[in-house]
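User: Hi! Could you walk me through how these two chains sit together?
Analyst: Happy to, here it is.

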Amino acid sequence: MQGVSDWIGQHPEVGWHEFQAVDTLTKLLKGYGFQIDTGVAGMPTAFVARWTSPAGASGPTLGLIAEYDALRGTQGDFHGDQHNAQSRWHSPQRARSWNT
Amino acid sequence: MTQARVPGRVIIYGTPAEEVDPPAKGIMWRGGALQGGRHPGAQPLVGRDATGSARIRRLLPQHRRGEVHLHRSSRASAHRLERPQRARGGGAVLLGGRSPALHLALEHRVQGVIPEGGIAPNVVPDHTVVDYFIRFPDEVYLEHMARMMDDAAKGAAQMTEPRSPSRATASIATA
């Protein structure tokens, strides 16, 4: 997951233009069995990823917010608000490993 | 969850443009994408006393009389001059909004004074005036920041629970 964080950090995209970040994250989530809806609410870089436990959907639903846009800087765009690290924190392995 | 055979679901909401307006999460909410969700921290930020009133002490900054000049290399000087903005940022948080100081890049500078803030803590004034200098070397963020401050002013006006919506007006003088 550190590699994903580093990649997004090295490819900063400002708000409404996070196409590479969304592509990277949704591909990763698809690989772990998440169902992906993109273009949510009419926004091209919004998505919702859903995963259901093999034990069934009758338990609690855990919702996580992922943010991935960069800051505009005077010397170029940059991830000064740790959004590159935040989204990978919601990694599928971590989400699926929670057992409470 | 897989290993422990715990039933349930995980939903990850990919929310764009957290740093700039319009608020994407609000758009997603209105579009139904967050339907059924509940924030775990959804609880009142400010307690109320037995009379149902909340009092905020020392909201106004305590400046010395006379001129205060900002020296760019002096953090202490900058902090003193930014007290009104910090207070306003706190007011924005109390209203459920966002503090500009917490969400904008480090290059920003906001200094302000409250030349007309009322006559007593328990008297709602007819009007108040704040005067801000907002500086940022990027016109997009500058406009964004000015709009956030303007929204905070409107929120502060709304806090006085006006009898008619027309009383809840506010404007910010910037330079």
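Analyst: A definition to begin with: buried area is the accessible area (1.4 Å probe) that two parts lose on being put together, summed over both. This is a predicted model, where local features need pLDDT of at least 70, side-chain atom pairs count only at pLDDT 80 or more, and totals for chains, interfaces and linings use all residues. Residues are numbered from 1 along each chain as its sequence is written, chains are lettered from A in the order in which they are written, and side-chain values use heavy atoms, with hydrogens and water left out.

User: Cool. What area is buried between chain A and chain B?
Analyst: About 3500 Å², with carbon and sulfur atoms giving 60% of that. In chain A, the residues that lose the most area to chain B are A:W16, A:W51 and A:R72, together 17% of what that side buries.

User: And how many residues does each chain put into the contact?
Analyst: Chain A gives 45 residues and chain B gives 31 residues, counting heavy atoms within 4.5 Å as contact.

User: Switching topic: how many salt bridges are there between chain A and chain B?
Analyst: The count is one. A:E67 pairs with B:K25, and their closest N and O atoms are 2.7 Å apart. The term means a side-chain nitrogen of Lys or Arg within 4 Å of a carboxyl oxygen of Asp or Glu.

User: Which strands make up the open sheet?
Analyst: Four strands, in the order β1(A)-β2(A)-β1(B)-β3(A), with mixed pairing. Strands here are DSSP runs (E, at least two residues), and helices are runs of H or I with at least four, numbered from the N terminus. Two strands pair if DSSP finds at least two bridges between them.

User: Why do β1 and β3 of chain A each have one side without a neighbour in the sheet?
Analyst: Because β1 (35-38) and β3 of chain A stand at the edges, each with a single partner strand.

User: Then how does β1(B) pair with β2(A), parallel or antiparallel?
Analyst: Antiparallel: six bridges join β2(A) to β1 (residues 9-15) of chain B. A:W51 stands opposite B:V10 there.

User: And how many bridges link β3(A) and β1(B)?
Analyst: Seven, in the parallel sense, and A:T61 stands opposite B:R9.

User: Last one: which helix packs on the sheet?
Analyst: Helix α2 (residues 19-31) of chain A, which touches β1 and β2 of chain A together with β1 of chain B. The direction of α2 makes about 15° with that of β2(A); axes are lines fitted to C-alpha atoms, for helices over the stretch in contact, and angles run from 0 to 180 degrees between N-to-C directions.
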